[in-house]
Amino acid sequence: MSPLLDVRGIAKRFGGLQAVGDLSFQLEAGEILALLGPNGAGKTTAFNMIAGYTRPDSGEILFQGRNIARARPWTICRAGIARTFQLSKPFADLTVIENLMVGGFARSRDASAIRDKAEAIADFLGMGRQADTEVQHLTAFDRRKLELGRALSTEPVLLLMDEVVAGATPAEGQEMVALVRRIRDRGVTILIVEHVMKVIMALSERVIVMESGRLIADGAPRDVVNQPEVLKAYFGEQYAAARA
Amino acid sequence: MTTARPDRLRSPTVPRPDEIRAPSLPAAPGRRPRDAGTGFGTLGLIALMTLAAMALPLVVTDSYLLHSCIVVLFFAYMATAWNFVCGYVGQLSIGHAMFAGIGGYATVLLFTGLGLSPWLGMPVGGLLAALLSVVVGYPTFRLRGPYFALTTIAFAEMIRIWVENTDTVLGIPLNGAAGLTVPLRGESLAALQFNGKAPYYWVIVGLLAGALTATWWLEHSKLGFYLKAIRGDRDAAESLGISPARYQLVALAISAFMTGIGGGFYAQFFRYVNAERLIGVDLSIDMALMSIIGGQGTVFGPLLGAVLLAPLAEITRGHLGGSLLGLHIVVYGIILMLAVLYLPKGLIAPLRSLLARLGLLGRGGRR
């Protein structure tokens, strides 16, 4: 069976900076794959190329066998890929339910059915009681959960998540990890960009590591974090040499 | 870093293909009550207000008073049409009068040139206005920032100046700055000409009811949700399957259509159109200000704004205009500043919470 997502040699240059150079990896259905790398490694650029927010200079992105490289974000959403943003971007003057309804129109025209689904998602997030609250009155963490729920409202096959627990307390982080797991258990494949090691260890079976726009490691989280290239990328040459 | 134990590592469970598409989320335990009938409450309110307004000429027989009511409702209609796109998508148009101008000129010219009844001329004018709106909106809605506002004002002023300086184009008489008059046919329903004011009043009440109903529909429709999402955050909207340019264009075309019909009504009511009044920036600003001060992005906000501001303009113009020219603009400016400072959501916001406190609106009574 071909992989759900097959990234083939995508590259992106911003002026003099080769943000991503010839990046290839594959994602199987049902996986939670974490994308790691130090700041400036090109994670976000790679993420945005898959989501359609940045156009790759070259390469192909095959989703369910179809090339979506250079497609626009709304087309990619309708193809079955949803995303969250690193800084959550809720529709501040709409209520929680209204926020969760917007994405439903990508799959249906029946506003009443869409509202039912939005209510189910609100309950799934544990936000049922805030259903009619305007989002500007929510806490930062609730907005983050809402961001996740809003992505789910488009009924994605693949969910791209940019930093799920940034700024969250440890307890909130745990809640988020549990939520992401439950989403995967419902049959959604997940690609996650994350810095917090604990989250990655708890969630993903496989991680890929980027450095200077290239892939330097691919494997189980435990193995990858001990690879010299990865240590070098995060801690510098000397640290890696000292451990060897 | 290397000490983290993957103790919670689990083997991936690959879902069956039929599970992949729609993650069936658990059903909500204990349904929440729906917004206590907000939707039909709003529609009911529109119907009630329309019926009450229709009865007014039976009580008010004074011609000047009825004339003033028609002017107020005309502005309410135009502001509601403006709000249909600008209020919901958060874009500012300062050139909406160009759509009114096209509608007004088309209605008059189709009547004088082809003998077409204004009842048909107005919707044809509306369609032409919608066509123009696509020309304006197509290149600008792709851009972010203030380009739409700048483009609308530039287009409107170009058209106004061109019309003011053109006597005939392709054999069609535009009559330059002097404008066009509608030839008198006496009392005639087909020609939309009446001796009394009441029939005009009923027509504008009907138009306003239609515009309010369209806005109510928008609130609950896919288009409305999409516009509010674009207003909230364009990137997030795109990630939810929304092409901002496409849906903004659809809304603008509908808004321009309504505005064009309004221009046609103006032409019939005053039996006269000219570029300065109907295409000029004054009308555009009136439409925008009444919406913003009343409460843009709501069904009744623009109506409220027009009901408060249009008479104010009449009074300051009528009673003080001779001695203090342009005073109404100063008054407008002061009200706008106060509204932006203290009631950024418009005058409708405190009214709404007052009604809610009195129990006249349901729990979800946000409209």
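This is a dialogue on how to read some features of a predicted model with chains A and B.

Colleague: Before I look at any details, how confident is the predictor in chain B, as a mean pLDDT?

Modeller: Remember that this is a predicted model. The mean pLDDT of chain B is 82, and 84% of its residues reach 70 or more. Among the elements of chain B, α10(B) has the highest mean pLDDT, 94, whereas helix α1 (residues 17–20) of chain B has the lowest, 40. Residues 1–37 of chain B have pLDDT below 50, although this stretch has 53 contacts in the model beyond near neighbours in sequence. Residues 362–367 of chain B are also below 50, with 19 such contacts. Where pLDDT is low, the predicted coordinates should not be read in detail.

Colleague: And which scores does the predictor give the complex?

Modeller: The complex gets an ipTM of 0.90 and a pTM of 0.85.

Colleague: Let us turn to chain B as a whole. How many helices and strands does chain B have?

Modeller: Chain B comes to 15 helices and 4 strands. Of its 367 residues, 43% are buried. You can also ask how far along the sequence the contacts reach. Among contacts in chain B between residues at least 6 apart in sequence, 76% join residues at least 24 apart.

Colleague: Which spans of chain B does UniProt list as "transmembrane region"?

Modeller: The unreviewed UniProt entry lists residues 40–59, 65–85, 97–114, 120–138, 200–218, 249–269, 289–312 and 324–343 of chain B. Let us check two of them against the model. Residues 65–85 of chain B are 100% helix, and their end C-alpha atoms lie 31 Å apart. Residues 97–114 of chain B are likewise 100% helix, with end C-alpha atoms 25 Å apart.

Colleague: How should I read a helix with many buried residues?

Modeller: Here is the general idea on directions first. An α-helix has 3.6 residues a turn, so residues three or four places apart point the same way. Now take helix α8 (residues 222–232) of chain B: 10 of its 11 residues are buried, so this helix is largely enclosed by the rest of the structure. Among the buried ones are F225(B), Y226(B), L227(B) and I230(B).

Colleague: Which elements do the buried residues of α8(B) pack against?

Modeller: They pack against α3 (96–102) of chain A, and also against α3 (63–89), α7 (198–220), α9 (234–239) and α10 (244–270) of chain B.

Colleague: What about a residue in a loop, such as T166(B)?

Modeller: T166(B) sits in the loop between α6 (147–164) and β1 (168–169) of chain B. Because T166(B) has 15 C-beta neighbours inside 10 Å, it counts as partly exposed. Leaving aside residues up to four places away in sequence, T166(B) touches L174(B) and G176(B). The C-alpha atoms of T166(B) and A177(B) are 8.0 Å apart, with their positions 11 residues apart along the chain.

Colleague: Now chain A. Where does UniProt place the feature "domain: ABC transporter"?

Modeller: The unreviewed entry places that feature at residues 5–237 of chain A. In the model this span is 37% helix and 25% strand.

Colleague: In what order do the strands of the open sheet of 4 strands in chain A come?

Modeller: To read a sheet, follow its strands from edge to edge. The order here is β2-β1-β4-β5 (chain A), with antiparallel pairing. The edges are β2 (17–27) and β5 (66–67) of chain A, each pairing on one side only. Inside the sheet, β1 (residues 5–14) and β4 (residues 58–63) of chain A are joined by 5 bridges, and L5(A) stands opposite F63(A).

Colleague: Which helix lies across β1, β2 and β4 of chain A?

Modeller: Helix α1 (residues 43–51) of chain A does, running at about 60° to β2(A). In α1(A), 9 of the 9 residues are buried, so this helix is largely enclosed by the rest of the structure. G52(A) follows α1(A) and has a positive phi, near 90°.

Colleague: Is strand β8 (residues 189–193) of chain A covered or uncovered?

Modeller: It is mostly covered, with 5 of its 5 residues buried. T189(A), L191(A) and V193(A) point one way from β8(A), while I190(A) and I192(A) point the other way. Strand β3 (residues 32–36) of chain A runs parallel to β8(A), with 4 bridges. β7 (residues 158–162) of chain A also pairs with β8(A) in the parallel sense, over 5 bridges. From β7(A), the chain crosses through helix α6 (residues 170–185) of chain A to β8(A), in a right-handed β-α-β crossover.

Methods:
Residues are numbered from 1 along each chain as its sequence is written. Chains are lettered from A and ligands numbered from 1 in the order in which they are written. This is a predicted model: local features need pLDDT of at least 70, side-chain atom pairs count only at pLDDT 80 or more; totals for chains, interfaces and linings use all residues. A residue is buried if 20 or more other C-beta atoms lie within 10 Å of its own, exposed if 12 or fewer, and partly exposed in between; C-beta atoms are placed from the backbone. Helices (H or I, at least four residues) and strands (E, at least two) are DSSP runs, numbered from the N terminus. Two residues are in contact if their C-beta atoms, placed from the backbone, lie within 7 Å. UniProt positions are given in the numbering used here, feature names are shortened, and annotations may be inferred rather than shown by experiment. Two strands pair if DSSP finds at least two bridges between them. Axes are lines fitted to C-alpha atoms, for helices over the stretch in contact, and angles run from 0 to 180 degrees between N-to-C directions. pLDDT is the predictor's confidence in each residue, from 0 to 100. A crossover is right-handed if, with the strands pointing away from the viewer, the path from the first strand over the helix to the second runs clockwise.
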